[in-house]
Amino acid sequence: MSSIADEVSRRRTFAIISHPDAGKSTMTEALALHARVINEAGAIHGKAGRKSTVSDWMEMEKARGISVSSTALQFNYTSSTAAEDDEPTVINLVDTPGHADFSEDTYRVLTAVDAAVMLIDAAKGLEPQTLKLFQVCRHRGIPVITVINKWDRPGRTPLELLDEISERIGLTPTPLFWPVGIAGDFRGLRDVRKDEYVHFTRTAGGAKIAPEEHLSTDAALDREGDVWAEAVEETELMTEMGQGHDQELFLAGQTSPVIFTSAILNFGVRQLLEALVELAPAPHSRTAIDDSEREVTDPFSAVVFKVQAGMDAAHRDRLAFMRIVSGEFERGMVVQHAQTGKPFATKYAMTVVGRDRETVETAYPGDVVGLVNANALAPGDTLYDGATVQFPPIPSFAPEHFAVVRADSAGKYKQFRKGIEQLGTEGVVQLLRNDVRGDASPVMAAVGPMQFEVVVARMKTEFNVDVQVEHLGYSVARRTDAASADELNRQRGVEVFERNDGALLALFSDKWRLQYIAKEHPSLTLEPLVAAA
Ligand code: GDP
């Protein structure tokens, strides 16, 4: 029997943050291939269909029969430096929603990880969604490993790309593996710390792990000539500027180890896994709301970071995904739900495996477990056993889109209320109400308008109610208080609401209106909300 501390030390929980199309799905598949979870990448649909087969973990699961959920993929990986009797590393890869409209969702997901891989397209450099997600990581103190992907295609120079990272986000890149060959002529990597050349050989269609040859500096120079010399020169330039890896600075979020890859050719993917095992932090203690530290070896505690429903027509229920913070989880244990003070039985604890579900018997800090039919649980909630603990809530973002939602038919009022309340609890949208509008037509507030589409679709499929959405002409929200509410409601272009978390929000048609009113009535409480990252 291994102790909790042992289980924790062999776990790595991370997410890939990237702009759509940078190669997140392809990289996920490549990681699974290297961990030998699957035997071949793109095998089922062949080359032409590769994009569609990798674009969705559910599809991937269906096609390959591997253990994937749309929320977290867990696999074992034995590092090349592991001793013979070492247990493999347990990797938890948590998926982040791709679209910018779901940044609130992404923020919640990033509360569940200990590290992030920032995946960048070599031809495009830092793109808007990568930047946003990076800011979330910085805000949460999550260390970031940088991966420059698609090196098999023409792109920018490595120095240009790294310059962009340090200039635009103030993160010092520290190369671990430097490309040998310009973008579009990817021959291998210079292992900066070992000072050796890792040469890769392509496999047909990139379907298999690319064979590696390890060469000394002299042999590399013989083989690659100037191309090798250039890689050496460039990395030395970086080292002279003090850009060597420093574990402390990396964990403090000041530097970021860099690896160049081609996810599609499986070049550099093993190096990324090795870096995760070697450098990414194992799960660690979490600060509770009262500033105490919940150590990983303390009794069981977990944070709910995502609620997902309607994953499949045959399972019309909701799954609440928790990230375990401390202790051992055993299915069936009765834990406490900090928000309601009620006990919660975990009889149905699952990992989702494609269309099927697999029961989880035990899990440890860093692991992600789905709880079935956990309707009372909402993102940010704490579950615990033993001494009381509550972790800080996940902040909700300043909404910028507002719309009234109502049922098409008055006869469905009960289902409508039930559905809307549920979606509000899950955090699909924020819900606003006031006496003037009443309960039949609450206002939905969102960071991105696609959240409204999710409400329409889910109301229909899960609650059997057709709803209408009518966009409102507000674009700015401020937190206010009861004392200011009457005066605000008298103003043109302003309306005050109570949000489902109890906060009072004043909505303004635009920021000029807000500025004008704030100037005319300086005593009003108008506090900015947390801006979307
Ligand atoms: P995602 O949107 O970030 O999940 O990106 P995908 O993994 O779906 O990849 C987007 C496109 O880039 C697909 O056509 C992939 O085949 C392609 N792609 C991904 N990684 C690489 C790579 O390393 N090299 C090349 N040439 N193409 C890649």
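Let's start with the ten-strander. In this predicted model, 10 strands form an open sheet with mixed pairing. The order is 2-3-1-4-5-10-6-7-8-9. Strand 2, residues 72–77, and strand 9, residues 212–215, stand at the edges. Each has a single partner strand, so one side of each is left without a neighbour in the sheet. From one strand to the next, the twist averages 25°.

Now the pairings inside that sheet. Strand 5, residues 144–149, and strand 10, residues 255–260, run parallel. They are joined by 3 bridges. Thr146 has Val258 in strand 10 as its bridge partner.

Move along to strand 7 and strand 8. These two run antiparallel, with 4 bridges between them. Leu189 finds its bridge partner in strand 8, and that partner is Val198. The two strands form a hairpin with 4 residues in between. Look at Asp195 in the turn: its phi is positive, about 50°.

On to the next pair. Strand 8 and strand 9 are antiparallel too, joined by 4 bridges. Val198 turns up again here, opposite His214 in strand 9.

So how many residues of strand 8 are buried? The count is 5 of the 5, so strand 8 is largely enclosed by the rest of the structure. In a regular strand, side chains alternate between the two faces of the sheet. Here both faces of strand 8 are covered. Glu196, Val198 and Phe200 are buried on one side. Tyr197 and His199 are buried on the other.

Which helices lie across this sheet? Two to show you. Helix 6, residues 128–140, lies across strand 1, strand 4 and strand 5. Helix 6 runs at about 145° to strand 1. Helix 9, residues 226–240, lies across strand 6, strand 7 and strand 8. Its angle to strand 6 is about 170°.

One backbone detail before we leave this region. Most residues other than glycine have a negative phi. Lys150 has a phi near 65°, and Lys150 is not a glycine. Lys150 is in the loop between strand 5 and helix 7. Is Lys150 buried or exposed? Buried: its relative accessible area is 18%, and the cut-off for buried is under 20%.

Helix 5 next, residues 103–110. Helix 5 is mostly covered, with 7 of its 8 residues buried. The buried ones are Ser103, Glu104, Thr106, Tyr107, Arg108, Val109 and Leu110.

Second sheet. This one has 7 strands, again open, and the pairing is antiparallel. Read the order as 26-23-25-24-28-29-27. Strand 26, residues 467–471, and strand 27, residues 476–480, are at the edges. Each pairs with a single strand, so one side of each has no neighbour in the sheet. The twist averages 40° from one strand to the next.

Inside it, strand 24 and strand 28 pair in the antiparallel sense over 2 bridges. Leu432 is bridged to Arg499 in strand 28. Helix 12 packs on this sheet. Helix 12 touches strand 23, strand 24 and strand 26, and its direction makes about 150° with that of strand 23.

Helix 12 also meets a helix. Two packed helices are described by the angle and the distance between their axes. The axes of helix 12, residues 413–426, and helix 13, residues 450–463, come within 10 Å. They cross at roughly 125°. That makes helix 12 oblique to helix 13. The crossing is right-handed.

Who is in the contact? From helix 12: Gln415, Phe416, Lys418, Gly419, Ile420, Gln422, Leu423 and Glu426. From helix 13: Val455, Arg458, Met459 and Phe463. By class, that contact has 6 nonpolar, 3 polar and 3 charged residues.

After helix 13, look at Asn464, in the loop between helix 13 and strand 26. Its phi is positive, about 60°, although Asn464 is not a glycine.

One more residue: His337, in strand 16. His337 is buried, with a relative accessible area of 3%. Leaving aside neighbours within four places in sequence, it contacts Lys342, Ala376, Leu377, Asp381, Thr382 and Leu383.

Whole-chain numbers to finish. The protein chain has 15 helices and 29 strands. Of its 533 residues, 55% are buried. Take contacts between residues at least 6 apart in sequence: 70% of them join residues at least 24 apart.

Technical notes. Residues numbered from 1 in each chain as written. Predicted model: local features only at pLDDT ≥ 70, side-chain atom pairs only at ≥ 80, totals over all residues. Heavy atoms only, no water. Axes fitted to C-alpha atoms, helices over the stretch in contact; angles between N-to-C directions. Parallel < 35°, antiparallel > 145°, perpendicular 65-115°, else oblique. Left-handed = near helix turned anticlockwise from the far one by under 90°. Contact = heavy atoms within 4.5 Å. Nonpolar A, V, L, I, M, F, W, Y, C, P; charged D, E, K, R; others polar. Buried < 20%, exposed > 50% of the residue type's maximum accessible area, 1.4 Å probe, protein only. Pairing = 2+ DSSP bridges.
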